[in-house]
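Colleague: Before I plan anything at the bench, could you walk me through this model, chain by chain?

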Amino acid sequence: MTKRKTTAVVIGLGLVTLSACGSSDSGGAGDSKTVTLVSHDSWAVSKSVLADFEKQSGYKVRVLKDGDAGQAVNKAILTKDNPQGDVFFGVDNTLLSRALDNGLFQSYEAKGSDQIVQQYRIDQDRHRVTPIDSGDICVNYDKAYFSKHKLAPPASFDDLIKPAYKNLLVTENAGTSSPGLGFLLGTAAKYGDDGWQDYWKKLKANGVKVVDGWEQAYNDEFSGSAGGKKAKADRPLVVSYASSPPAEVIYADPKPKAAPTGVASGTCFRQVEYAGLLSNAKNTKGGKALLDFLISVKFQDDMPLNMFVYPVRETAQVPEEFVKFGPQAKNPETLAPAKIADNRDQWVKSWTSLVLK
Amino acid sequence: MDLARTEVASRKSRKESATRMGLMALPVAFFAVFFAYPVAAIVARGLKIDGAWRFGRIGEVLAQSDIRHVLWFTTWQALASTALTLLIALPGAYVFARFDFRGKQVLRAVVTVPFVLPTVVVGTAFLALLGRGGFLDQLWGVRLDTTVWAILLAHVFFNYAVVVRTVGGLWSQLDPRQEEAARMLGASRFAAWRRVTLPALSPAVAAAALMVFLFTFTSFGVVQILGGPTFSTLEVEIYRQTSEIFDLATAAVLTIVQFVAVGAILAVHAWTVRRRETALRLGAPELTVRRPRGAGQWALLGGVLASILVLLVLPLGVLVQRSLDAPGGYGFAYYKALTSADSGIFLVAPIAAIGNSLEYALAATAIAVVIGGLAAAALTRRTGRLVRGFDALLMLPLGVSAVTVGFGFLIALDEPPLDLRSSWILVPLAQALVGVPFVVRTVLPVLRAVDGRLREAAAVLGASPWRVWREVDLPLVRRALLIAAGFAFAVSLGEFGATVFIARPDNPTLPVAVARLLGRAGDLNYGQAMALSTILMVVCAVALLLLERIRTDRTGEF
């Protein structure tokens with residue numbers, strides 16, 4: 001090998017070695033001054049609120065967004081022996097059992113846990129998870145469509161199978177989308193193990209359209225959303241969140257006086273999101289401080305307008321826009337995490353062959 | 001005397017194989033650490049339960065009718081997409097290679113832009129065209145969304161550039177005088193083309209077809225968005241099993257199936273290329289291009305331009321239109337919003353994603369060109385099964401799902417000295433993995449087509465192997481290297497599947513930022529997503545245009 005060729009190889013090898021070294025200064029593993037939060041893509045917080053926590057606690061917070069909710073949980077389970085961070089936020093009641101059964105979390109009772117609304121508290125004997133927020137998956141409707149056609153918007157699951165609402169609803173694939181799954185679970189909670197399939201047969205006969213993800217359903221198919229209006233969408237009913245109408249106002253410029261969309265209050269399924277201290281976390285002390293922060297009044301007050309969810313702390317302020325444009329559902333459907341864990345795969349399988357095939 | 005000659009020959013071949021091994025060392029190490037090891041780790045995690053291998057799962061999974069249906073759909077839609085892409089893009093390759101017309105450089109950059117756009121963006125654009133209220137709907141009341149036609153057309157949209165660049169790149173360097181000579185000797189126009197040009201071109205056509213087939217065989221975003229939930233490819237199914245259902249065993253089986261399928265395709269390809277490859281007389285492109293002459297050639301040019309306009313420019317135009325369609329009338333409101341960090345989605349203003357994307361893409365391109373260049377140099381003199389196997393191996397990352405590689409990274413590269421999970425370099429590394437095959441595929445056909453006698457002549461005259469490479473190979477291959485670098489850069493810029501696994505919130509890339517904005521409700525988020533997509537489009541177009549300039553500046557050295 002000539003000298004110059006050797007140089008080329010050395011440069012190339014150096015490049016790879018350099019890349020390997022790059023990790024040590026940015027990784028932050030084992031650094032007791034840094035605490036790492038692993039979460040899903042929807043994680044968001046006001047800069048000032050996070051800066052306050054960093055200043056008061058002396059920890060630098062590193063955030064690792066790890067894909068959508070399901071993906072983030074699965075990745076956390078895969079890496080639990082050598083976790084990517086200290087705290088995981090964003091496992092919801094549909095996936096909670098998978099996380100707990102796999103030993104994802106260690107016990108810690110966060111300061112202020114006693115301030116959390118009673119109904120969300122679970123795992124009270126071991127305190128492996130702390131509830132952080134709740135949200136409702138509900139059918140949203142396009143107000144303009146219904147007033148133009150002089151038709152009352154649907155209010156309940158039962159309404160959706162009436163002839164008046166034929167070919168109006170678009171929903172997401174329950175196998176690949178979390179609102180899609182939430183809607184399926186809502187019907188399973190409402191009609192029971194024996195009744196939900198029958199309900200979906202009627203829904204299918206009534207022309208429900210299924211698309212793969214929330215983005216397509218909401219932005220491309222739903223006539224009430226900003227994206228849908230541009231896309232000349234023709235479905236005035238969509239499975240989305242109770243907080244979507246306020247989002248339509250907050251992210252509009254100029255802001256309208258009333259939300260262009262509303263929520264069918266009898267079609268909701270409640271999702272609760274939890275956080276926990278990861279097993280084998282390298283900075284447990286920092287992780288505990290971070291968990292305390294997540295249920296502190298400051299964070300709970302800040303959260304709704306960042307992640308479009310409701311706080312779980314009794315004293316936390318729900319923002320005015322939420323109350324005005326999209327009040328939280330009164331009696332949402334719920335299911336115990338264990339019940340979901342036992343049935344989810346089978347339900348999704350039956351749903352797929354019933355609705356998609 | 002005889003003995004001495006044999007000894008010299010064997011010493012020479014020993015030296016040659018030592019050189020080749022040296023060149024191959026780095027690419028082999030790169031692929032072993034960043035591809036083979038992570039993929040093997042995640043497959044093993046799926047198939048090894050309590051320390052025992054469960055190969056029985058393979059039969060169980062393949063026996064399911066759903067899975068067989070997925071396999072069947074994956075195959076036929078990829079075949080159909082490849083055929084359609086070749087049908088539409090080969091005339092384009094000819095026009096770009098042989099004709100000189102105004103705006104050619106810009107157009108060549110424009111047709112490459114779709115290839116690097118993230119599928120979320122393209123899906124939205126295609127729905128706007130083919131869906132309800134779209135172009136076709138308004139003209140003829142035809143809707144193609146959730147049909148297989150939408151998938152096929154989007155595949156043509158994405159892969160047009162693959163054919164134009166791979167085939168056109170070689171075509172422009174073929175000396176047309178060879179064909180003219182054949183005609184002079186009495187061959188008909190078609191016979192001359194079939195006997196002279198086609199054989200010279202077929203390795204490039206095969207390479208392009210192979211790439212299009214690989215991309216469509218492993219198609220993910222397009223199928224997911226445009227096909228609706230009823231169509232599913234193998235790649236979509238692997239994603240679902242890994243990411244949603246968390247059935248790693250089934251995902252592992254499907255990964256193996258995809259691996260075997262892709263391996264088989266690559267083997268067939270290697271065989272056809274070997275049979276057809278011949279030393280070509282390569283010339284400078286400016287000698288071969290000319291303005292179209294006669295009605296037939298003008299009609300061909302017009303037809304190609306029209307197809308580009310309808311299939312490629314129109315969907316891109318929809319994005320621009322929507323990015324400007326602000327509530328208060330057409331304007332730049334969405335673009336202005338990009339500079340604010342208020343939304344809380346990223347911790348930084350979305351506009352910062354441009355800088356991140358460029359940095360990542362540059363690093364990825366550097367890695368891909370070094371690794372791919374070394375590999376191509378090692379593969380130039382093809383001898384031995386080992387080398388041929390290596391050739392195919394380099395292509396495999398294109399056929400393995402991003403989710404498999406991403407999950408593999410997570411569990412394989414998690415310990416020092418290779419704890420790369422939270423390092424920025426992981427993004428360019430993952431992107432380079434997809435870029436290397438482009439470098440090899442673009443450079444290798446040209447390198448192999450170099451007449452070996454030129455090298456021998458140089459060697460006989462006393463040049464060292466390095467000097468032979470520099471004086472003979474490099475000038476001929478420089479153009480191909482630049483095209484390859486451009487491709488690697490463009491691929492990195494638009495890469496989404498692997499990047500989304502690893503990009504951190506404080507440094508999202510453009511495609512990641514677009515996807516996150518599209519994932520939220522509200523006018524402003526949607527508008528910003530469209531604005532960012534438009535910026536991504538423009539950045540790609542500018543990068544590719546610059547490349548076009550460099551190309552023409554240097555052609556004088558040929």
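The questions and answers below go from confidence to overall build and then to single residues.

Colleague: What kind of model is this, and what ipTM and pTM does it score?

Modeller: This is a predicted model, and the values we discuss are computed from it. For the model as a whole, the two scores are ipTM 0.72 and pTM 0.78.

Colleague: Which residues of chain A have a pLDDT that stays under 50?

Modeller: Chain A has a mean pLDDT of 87, and 91% of its residues reach 70 or more. There is nevertheless a stretch that stays under 50, for which the model has 33 contacts beyond four places in sequence. That stretch of chain A is residues 1-29.

Colleague: In chain B, which helix has the highest confidence and which the lowest?

Modeller: The mean pLDDT of chain B is 80, with 86% of its residues at 70 or more, and pLDDT stays under 50 over residues 552-558 of chain B. Confidence is highest in helix α3 (residues 65-98) of chain B, with a mean of 93, and lowest, at a mean of 66, in helix α13 (residues 285-288) of chain B.

Colleague: How many helices and strands does chain A have, and what is its radius of gyration?

Modeller: The secondary structure of chain A consists of 14 helices and 11 strands. For 357 residues the globule rule gives 21 Å, and the value for chain A is close to that, so chain A is as compact as a globular protein of that length; its radius of gyration is 23 Å.

Colleague: What percentage of the residues in chain A are buried?

Modeller: Of the contacts in chain A between residues at least 6 apart in sequence, 75% join residues at least 24 apart. The accessible surface of the chain is about 14100 Å², and 52% of that belongs to carbon and sulfur atoms. As for burial, the share of the 357 residues in chain A that are buried is 61%.

Colleague: How far apart do the centres of the positive and negative side chains of chain A lie?

Modeller: Chain A carries 44 positive and 41 negative side chains. Taken as two sets, their centres are separated by 5 Å.

Colleague: How many helices and strands are there in chain B, and what share of its residues count as buried?

Modeller: Chain B holds 24 helices and four strands. Its accessible surface comes to about 21900 Å², with 64% belonging to carbon and sulfur atoms. Of its 558 residues, the share that count as buried is 58%.

Colleague: Why is helix α4 of chain B described as largely enclosed, and how many of its residues are buried?

Modeller: Helix α4 spans residues 104-116 of chain B, and its buried residues include L107(B), V111(B) and F115(B) as well as the charged-type names K104(B) and R108(B). The helix is largely enclosed by the rest of the structure because its buried residues number 10 of 13.

Colleague: How many of the residues of helix α23 of chain B are buried?

Modeller: Helix α23 covers residues 510-518 of chain B and is mostly covered. Among its buried residues are P511(B), R516(B) and L518(B). The count of buried residues in this helix is nine of nine.

Colleague: Is F308(A) buried or exposed, given its phi of about 55 degrees?

Modeller: F308(A) sits in the loop between α12 (297-307) and β11 (310-311) of chain A, and its phi is positive although it is not a glycine. Most residues other than glycine have a negative phi. With a relative accessible area of 12%, below the 20% cut-off, F308(A) is buried.

Colleague: Where is N280(A), and what is its relative accessibility?

Modeller: N280(A) is another residue other than glycine with a positive phi, near 65 degrees. It is placed in the loop between β10 (269-278) and α11 (284-294) of chain A. N280(A) counts as partly exposed, at a relative accessibility of 46%.

Colleague: Which residues does D193(A) touch, leaving out those up to four places away in sequence?

Modeller: D193(A) belongs to helix α7 (residues 178-205) of chain A, and with a relative accessible area of 40% it is partly exposed. Beyond four places in sequence, the residues it touches are A188(A), K339(A) and W347(A).Colleague: Which residues are in contact with F231(B), aside from neighbours within four places in sequence?

Modeller: F231(B) is found in the loop between α10 (221-226) and α11 (234-244) of chain B, and it is partly exposed, with a relative accessible area of 23%. Its contacts, those neighbours aside, are F73(B), T146(B), T147(B), V148(B), I151(B) and V223(B).

How values were computed:
Residues are numbered from 1 along each chain as its sequence is written. Chains are lettered from A and ligands numbered from 1 in the order in which they are written. Side-chain values use heavy atoms; hydrogens and water are left out. Helices (H or I, at least four residues) and strands (E, at least two) are DSSP runs, numbered from the N terminus. The radius of gyration is taken over C-alpha atoms; the globule rule is 2.2 Å times the number of residues to the power 0.38. Buried means under 20% relative accessible area, exposed over 50%, partly exposed in between (1.4 Å probe, protein chains only). Contact means heavy atoms within 4.5 Å. Accessible areas come from the Shrake-Rupley method with a 1.4 Å probe; for residues, only the protein chains shown count as cover. Lys and Arg count as positive and Asp and Glu as negative; His and the chain ends are not counted. The place of a charge is taken as NZ of Lys, CZ of Arg, CG of Asp or CD of Glu. pLDDT is the predictor's confidence in each residue, from 0 to 100.
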